Amino acid sequence: MSTGIKGIRRASAVTTALTAGALLTGGVTATQAQAAPVPSVTAKGGFVMDDRTGRTLFSKTADTKRNTGSTTKIMTAKVVLSQRNLNLNSKVTIQKAYSDYIVSRTASSARLIVGDKVTVRQLLYGLMLPSGCDAAYALADKFGTGSTRAARVKSFIGKMNSTARGLGMRNTKFDSFDGIGNGNNYSTPRDLTKLASNVMKNSTFRTIVKTKSTKQRVTTRNGGYRNMPWTNSNKLLGTYSGTIGIKTGSGPEAKYCLVFAATRNGKTVIGTVLTSSSDVNRLKDAKKLMDYGFRR
């Protein structure tokens, strides 16, 4: 009789061990089983992944095409930083066309002054921190090819689209250098996250997008100097531990967008929310999704 009881106990122990092993093999731990439920976000689209492995951590209509607002400027920076023999210290003279464009579109601005000479590196700061559409225009004019400004801009946007195809961004198209599109400027949370993961490998880009504020000394028309103060529109910096970037976006169609990334304990989560309902809610959405991503 005692032999039978021992046998039952042994069998029970084996069953328990096998069950635990199956759970571990399936990747479900006790901690994960008790993890918070999938978060609800106000954004119409969202995507988060583990930046090292590419594993999807969250997805909500991640492949639906949406207006991207100024998150488009991530691609503007990517194209510039991909130029052969790029000299970040080369200077660009600010043209009246750039300031006229800002006025005509009521666009976000780096407040560049006509006649000033601004380095490419400084233009990238003006592009990514205050989301300067004038800086975007200057970069497109500088790095496009053609005999006219219009041709150069068209060429630059072509480079944006060819770069997107090269990165496998299958649901993306750009018709502008800054996100103020002409009805054919769109991407998806998954595609923008893919772009962000790629460009964050560039050290210059990483340095720029993690900067909360800066004063850049530029050369004036008369050979003097002025300091250009720029503050990052990404409010995650300084409010969410581990944030390393990257870019906000907004607009009448885009509503409120945010591409974000943070690193904690050696793990980087990176993602995108598109068409959130407000500035406050896009921040809440991003924080919820990063919290969730770090727990997975």
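Which backbone nitrogen lies 2.9 Å from a polar atom of the side chain of Asp178? In this predicted model, the backbone nitrogen belongs to Ile180. Asp178 makes a useful starting point for a walk through the chain.

Asp178 sits in a loop, between helix H7 (149–166) and helix H8 (189–199). Asp178 is buried, yet has no salt bridge. The nearest side chain of opposite charge is that of Lys73, 5.6 Å away. A salt bridge needs the nitrogen and the carboxyl oxygen within 4 Å, so Lys73, at 5.6 Å, does not form one with Asp178. Tyr101 offers a polar contact instead: its side chain meets the side chain of Asp178 at 2.6 Å. Beyond its neighbours up to four places away in sequence, Asp178 touches Gly69, Ser70, Thr72, Lys73, Tyr101, Cys133 and Ala136.

Now take in the whole chain. The protein chain has ten helices and nine strands. Of its 296 residues, 48% are buried. Contacts also reach along the sequence. Among those between residues at least 6 apart, 62% join residues at least 24 apart.

Next comes the sheet. Five strands form an open sheet, in the order S2-S1-S9-S8-S7, with antiparallel pairing. Strand S2 (56–60) and strand S7 (243–251) are the edge strands, and each pairs on one side only. On average, neighbouring strands of this sheet are turned by 5 degrees against each other, direction ignored.

Look at one end of that order. Strand S1 (residues 45–50) and S2 run antiparallel, joined by four bridges. Gly46 has Lys60 in S2 as its bridge partner. Phe47 stands opposite Ser59 in S2. In a regular strand, side chains alternate between the two faces of the sheet. The hairpin of S1 and S2 has five residues between the strands. In this hairpin, Gly54 takes a positive phi near 80 degrees.

Turn to the charged pairs. The structure holds seven salt bridges. One of them joins Arg190 and Asp63, with the closest N and O atoms 2.7 Å apart. Arg190 lies in helix H8, and Asp63 lies in the loop between S2 and helix H3 (73–81), so this pair ties together parts that are 127 residues apart in sequence. Arg190 is partly exposed, at 28% relative accessibility. Asp63 is partly exposed as well, at 39%.

Lys96 and Asp100 form another salt bridge, with the closest N and O atoms 2.9 Å apart. Here the partners share helix H4 (residues 96–105). They are four residues apart, so about one helical turn separates them. Lys96 is exposed, at 52% relative accessible area. Asp100 is partly exposed, at 36%.

Finish at helix H10 (residues 279–295), where Arg282 is found. Is Arg282 buried or exposed? Its relative accessible area is 8%, so Arg282 is buried. Arg282 forms a salt bridge with Asp279, the closest N and O atoms being 3.1 Å apart. Both residues lie in helix H10, three residues apart, or about one turn of the helix. Asp279 is partly exposed, at 22% relative accessibility. Elsewhere, shared salt-bridge partners join Asp141, Arg149 and Arg152 into one network.

Arg282 has further partners. A polar atom of its side chain lies 3.1 Å from the backbone oxygen of Cys257. Tyr256 is 26 residues from Arg282 in sequence, but 6.3 Å away in space, C-alpha to C-alpha. Leaving aside neighbours within four places in sequence, the contacts of Arg282 include Thr248, Gly249, Ser250 and Leu258.

Definitions and conventions
Residues are numbered from 1 along each chain as its sequence is written. This is a predicted model: local features need pLDDT of at least 70, side-chain atom pairs count only at pLDDT 80 or more; totals for chains, interfaces and linings use all residues. Side-chain values use heavy atoms; hydrogens and water are left out. Helices (H or I, at least four residues) and strands (E, at least two) are DSSP runs, numbered from the N terminus. Buried means under 20% relative accessible area, exposed over 50%, partly exposed in between (1.4 Å probe, protein chains only). Lys and Arg count as positive and Asp and Glu as negative; His and the chain ends are not counted. A polar contact is a pair of N or O atoms within 3.5 Å; within protein, one must be able to donate a hydrogen and the other to accept it, and residues adjacent in sequence count only if both atoms are side-chain atoms. Contact means heavy atoms within 4.5 Å. Two strands pair if DSSP finds at least two bridges between them. Axes are lines fitted to C-alpha atoms, for helices over the stretch in contact, and angles run from 0 to 180 degrees between N-to-C directions.
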